[in-house]
Amino acid sequence: MSIQNLNTFDPFAEGNEEDVQDGLVHIRIQQRNGRKTLTTVQGLSSNYDLKKIVRTCKKEFACNGTVIEHPEYGEVLQLQGDQRENICQFLTKMGLVKQEQLKVHGF
């Protein structure tokens with residue numbers, strides 16, 4: 001049994017001033033059935049532990065979420081509901097991405 005998750009970059013650790021995010025982060029909303037929606041976040045750096053980010057977002061926004069493996073886009077965060085504004089504020093507040101690196105898609 002190996003513990004490889006401990007070797008990943010911790011975005012919430014103190015003193016991380018280096019800019020890890022290099023490309024755009026795409027935040028999309030997908031319509032499910034009826035009034036139900038999903039918010040997806042694609043393009044976060046692979047140096048971040050996405051499971052920790054989802055766990056924190058779930059507590060912060062009072063919604064459910066998961067990390068899925070997409071064949072074209074890699075690992076994608078999925079959150080229940082329309083969390084576009086919340087996730088934008090969260091990512092910039094935590095210093096994971098800059099405001100100009102966010103691209104919000106949707107209605």
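A salt bridge is a side-chain nitrogen of Lys or Arg within 4 Å of a carboxyl oxygen of Asp or Glu. In this predicted model, the side chains of E60 and K93 form such a salt bridge, with 3.8 Å from N to O. E60 belongs to helix α1 (residues 50-61) and K93 to helix α2 (residues 84-93), so this pair ties together parts of the chain that lie 33 residues apart in sequence. E60 is partly exposed, at 46% relative accessible area, and K93 is exposed, at 56%.

By this rule, the count of salt bridges comes to two. The other pair joins the side chains of D82 and R84, at 2.9 Å from N to O. Here D82 is partly exposed, with a relative accessibility of 43%, whereas R84 is buried, with a value of 14%.

From these charged pairs the description can now turn to the sheet. Five strands make up an open sheet with mixed pairing, and their order is β3-β4-β2-β1-β5. The edges are taken by β3 (65-70) and β5 (102-104); each has a single partner strand, so one side of each is left without a neighbour in the sheet. From one strand to the next, the twist averages 25°.

It helps to walk through the sheet one pair at a time, starting at the β3 edge. Strands β3 and β4 run antiparallel and are joined by six bridges. Together they form a hairpin, with three residues between them. Within this pairing, G65 has L79 in β4 as its bridge partner.

The next step leads from β4 to β2. Strand β4 (residues 74-80) pairs with β2 in the antiparallel sense, over five bridges. Two positions show how these strands line up: T39 stands opposite L79 in β4, and Q42 has V76 in β4 as its bridge partner. L79 therefore appears in two pairings, as the bridge partner of G65 and opposite T39, a reading that rests on how strands pair through bridges.

On its other side, β2 meets β1. Strand β1 (residues 25-31) is joined to β2 by six bridges, and the two run antiparallel. R28 stands opposite T40 in β2. These two strands also form a hairpin, with five residues between them, and in this hairpin G34 takes a positive phi near 70°.

The walk ends with β1 and β5. Three bridges join this pair, and its strands run parallel. H26 stands opposite K103 in β5.

Strand β2 deserves a closer look. Is this strand, made of residues 37-42, enclosed or open? Six of its six residues are buried, so β2 is largely enclosed by the rest of the structure. Its side chains point in two directions: T37, T39 and V41 go one way, while L38, T40 and Q42 go the other, and all of them are buried.

H26 offers a friendly example of how several features come together at one residue. This histidine is found in strand β1 and is buried, with a relative accessible area of 19%. Buried means under 20% relative accessible area, so the value of 19% for H26 falls within that class. The side chains of H26 and H105 are joined by a polar contact of 2.9 Å. Leaving aside residues up to four places away in sequence, H26 touches T40, V41, Q42, K103 and H105. Among these, T40, V41 and Q42 are also named among the buried residues of β2, and K103 is the residue opposite H26 in β5.

Finally, there is the nonpolar interior. Which residues have the most contacts inside the largest nonpolar core? They are V25, V41, L44, I53, I87 and L91, in a core of 20 residues. At least two residues of this core come from each of β1, α1, β4 and α2. Its largest share, five residues, is supplied by α1. V41 links this part of the picture to the sheet: it is one of the residues with the most contacts in the core, and it points from β2 in the direction shared with T37 and T39.

Definitions and conventions. Residues numbered from 1 in each chain as written. Predicted model: local features only at pLDDT ≥ 70, side-chain atom pairs only at ≥ 80, totals over all residues. Heavy atoms only, no water. Buried < 20%, exposed > 50% of the residue type's maximum accessible area, 1.4 Å probe, protein only. Helix = DSSP H or I, 4+ residues; strand = E, 2+ residues; numbered from the N terminus. Axes fitted to C-alpha atoms, helices over the stretch in contact; angles between N-to-C directions. Polar contact = N/O pair within 3.5 Å; in protein donor to acceptor, adjacent residues only side chain to side chain. Contact = heavy atoms within 4.5 Å. Core = buried A, V, L, I, M, F, W, Y, C linked by side-chain atoms within 4.5 Å.
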